[in-house]
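I set down here, in order, what I looked up in this structure. The entries are brief, and each deals with one topic.

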Amino acid sequence: SIYEMFGNECCLSTGEVIKVIGFKINKLIASICENNEVSRVSAKVELPLNFPGLYKVVADKTPYGSIEEITRKVSIGPTRFGHPCFYSPEDIKLSNLTIKNGEQITFNSVEEVNGTMAVNCDVVRNNQSHSFTLPLSQEGKFYECEDDQIYTLKEIAEWKIPKCRNRIVKLSNTLHMWDSSNPLPENFDGCLILTPVYEVQAVMQFRKDIVHILSDLDVEVKDITDCYDISSFLQPLSLEDVFDRTSKEFPMVAEIMEGPSGSQKAYNFLYMGKEIIIYKKYQATRILASEIRSDSPKRHFLIPMSYKGKFKRRPREFPTAYDLEIARSEKEQLHVVATKAFDSPHKELFSVSVGDQFLVQQRQTSEVLYEERKKVIDVFACEQILSDTYKKVLLPMYMEGDFVEVIHDKKQYQLSEICKEFPLPFNVKVSVRDLSVEEDVLAAVPGLQFEEEITDSYLLISSTSSPVESWEIPVYRLNMSVHLVSKEVQTVVPPVTMTTVEEISEEQYYMVRRYENQTLHPPPRPPKKPT
């Protein structure tokens, strides 16, 4: 039979030998539950895996009957998503440890221990991690723990939907304005029951691409694994698979089986059938930056340290006196102007008018009279700038006023200079674009906030046909497959390495921040008014 699959004609003839290399969720059927009542489904919609939004996973209330069942149905692997947590309602007595009922058990990996398959686990007690193994034969009731992380739909599909089960999720953040094309109701605040629709990923003997077959395709097949030489098939590898190889295996030659999906213009040169040399794997530094604008959505960028443009400073905004304390540095005195009035309830502290200018000094304590009692509170010492003099004033740390930085520094900075001389976050605009690239996407952005320095995983590659320049490609944001080719490989890395400013989606932005910080903690709250 001839079938049209994702725009590719695929001929499945009688007797055709297919090697199944994986199963993957192709899309999700979402049952919409209003008011978080799972029993009340108002509608069903189809959601692609790239559907925007961040979601919280609701813990599955159905227990697993054994460790073996968990390993069969739940994804356990080396990434941050591959460490599911469970608890047992009863104590589990081991030779050197007793796991108490209700205690959170983290599953890290599955391996053979003394001839028996087991799961490497740990529990945390008093901030101390205790490691142990549980054999797959261990029986009991194991319940999924609550998960306070947020995920994209793609992450949930890959890691958080157990085989043969559905997954209930709650929308945590829509990330985008609602419009009529959105299949979810406007201002939706309920939960979704996600039912996966799978596809089979396979390779065929005389094709160099990966074939995607929907699981509901009506084709009869027979398992011939035990009587067939599967080494005659190509072995597709994702960039993550390549990165997991040991450093000694590099460099290597590979042919692209599937190029990057989506409209990633910077990687147009990576197309199906192209041969590349992969020289090495490594960690590289990027600056995570966001567009400065009051409305959303903002654009987000990962800027390599090799960026050759120059920046000028832009004023920072500080919503409270507490934020002034955080931004204060020894390098230079912070000069701000108030954009919001504040009437102090204490005569000992200063009342601020719009337009007042201050030189920020330091945090200290001060005694104030509050309800006829003296009370010591945190204050911020500043110098008010008057027409011909300076006046020492104290501002309460809890003060909610708006301040804007006054910039006196007109210097143009390289990216490396900013990272060395100033604490992040830091506001800038491009004053001289990067002339080494055809199009500098940062030059058109009116203002940028450098948020933090992150470390990410990259592969260094070049084309086998013209290895005169090499490229850094991100491992976790470029979805492509390759297979290795047995060829003589040039071991000398080309002298010119091309790096690119990567514009990332809002979902990727949250993922990058979460990878860097594990869990995004909110900033500390400013002190409250005395009570």
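Entry 1, the largest cavity. I began with the residues around the largest cavity and found R313, R316, A327, R328, S329, E332, L334, F422 and P423 in its lining. Sorted by class, this lining has 4 nonpolar, 1 polar and 4 charged residues. The space inside the largest cavity comes to about 60 Å³. I then asked how many cavities of 30 Å³ or more a search of the whole structure finds. The search gives 4. For my own reference, rolling a probe the size of a water molecule over the atoms shows where empty space is left.

Entry 2, confidence. The model is predicted, and I therefore looked up its pLDDT before going further, since where pLDDT is low, the predicted coordinates should not be read in detail. The protein has a mean pLDDT of 83, and 90% of its residues reach 70 or more. Over residues 518-527 I found that pLDDT stays under 50. For residues 518-527 the model has 15 contacts beyond four places in sequence.

Entry 3, the sheet that begins with β6. I traced an open sheet of 6 strands and noted the order β6-β13-β7-β10-β11-β12, with antiparallel pairing. Which strands lie at the edges of this sheet? They are β6 (64-66) and β12 (128-135), each of which pairs on one side only. On average, and with direction ignored, neighbouring strands of this sheet are turned by 45° against each other.

Within this sheet I looked up the pairing of β10 with β11. Strand β10 covers residues 105-113 and strand β11 covers residues 116-125, and the two pair in the antiparallel sense over 7 bridges. Opposite E111 I found A118, a residue of β11.

Entry 4, the loops beside β12. Between β11 and β12 there is a loop that holds N126. I noted that N126 is not a glycine, yet has a positive phi of about 50°.

L136 is placed in the loop between β12 and β13 (139-144). What is L136 in contact with, leaving aside its neighbours within four places in sequence? I recorded S66, I67, E68, T71, V110, M117, A118 and V119. One of these contacts, A118, is the residue that stands opposite E111. For another, V119, I also looked up the C-alpha separation from L136: it is 7.0 Å, with the two residues 17 apart along the chain.

Entry 5, the sheet that begins with β22. I traced a further open sheet of 6 strands, in the order β22-β27-β23-β24-β25-β26, and its pairing is antiparallel. The edge strands here are β22 (317-318) and β26 (390-396), each pairing on one side only. Strand β23 (residues 335-338) pairs with strand β27 (residues 403-405) in the antiparallel sense, and I noted 3 bridges. V337 has V404 of β27 as its bridge partner.

Entry 6, cis peptide bonds. I looked up two prolines and the bonds that precede them. F250 and P251 are joined by a cis peptide bond with omega of about -5°. P251 lies in the loop between α3 (239-243) and β18 (252-258). L424 and P425 are likewise joined by a cis peptide bond, with omega of about 5°. Where is P425 placed? I found P425 in the loop between α5 (415-421) and β28 (426-432).

Terms used:
Residues are numbered from 1 along each chain as its sequence is written. This is a predicted model: local features need pLDDT of at least 70, side-chain atom pairs count only at pLDDT 80 or more; totals for chains, interfaces and linings use all residues. Side-chain values use heavy atoms; hydrogens and water are left out. Two strands pair if DSSP finds at least two bridges between them. Axes are lines fitted to C-alpha atoms, for helices over the stretch in contact, and angles run from 0 to 180 degrees between N-to-C directions. Contact means heavy atoms within 4.5 Å. On a 1 Å grid over the protein atoms alone, a cavity is a set of points where a 1.4 Å probe fits but cannot get out, and a pocket is an open set with protein on both sides within 12 Å along at least five of seven lines; lining residues have an atom within 4 Å of a point. Grid points are joined across faces, edges and corners, and a volume is the space filled by probe spheres set on the points. Ala, Val, Leu, Ile, Met, Phe, Trp, Tyr, Cys and Pro count as nonpolar, Asp, Glu, Lys and Arg as charged, and the others, Gly among them, as polar. pLDDT is the predictor's confidence in each residue, from 0 to 100.
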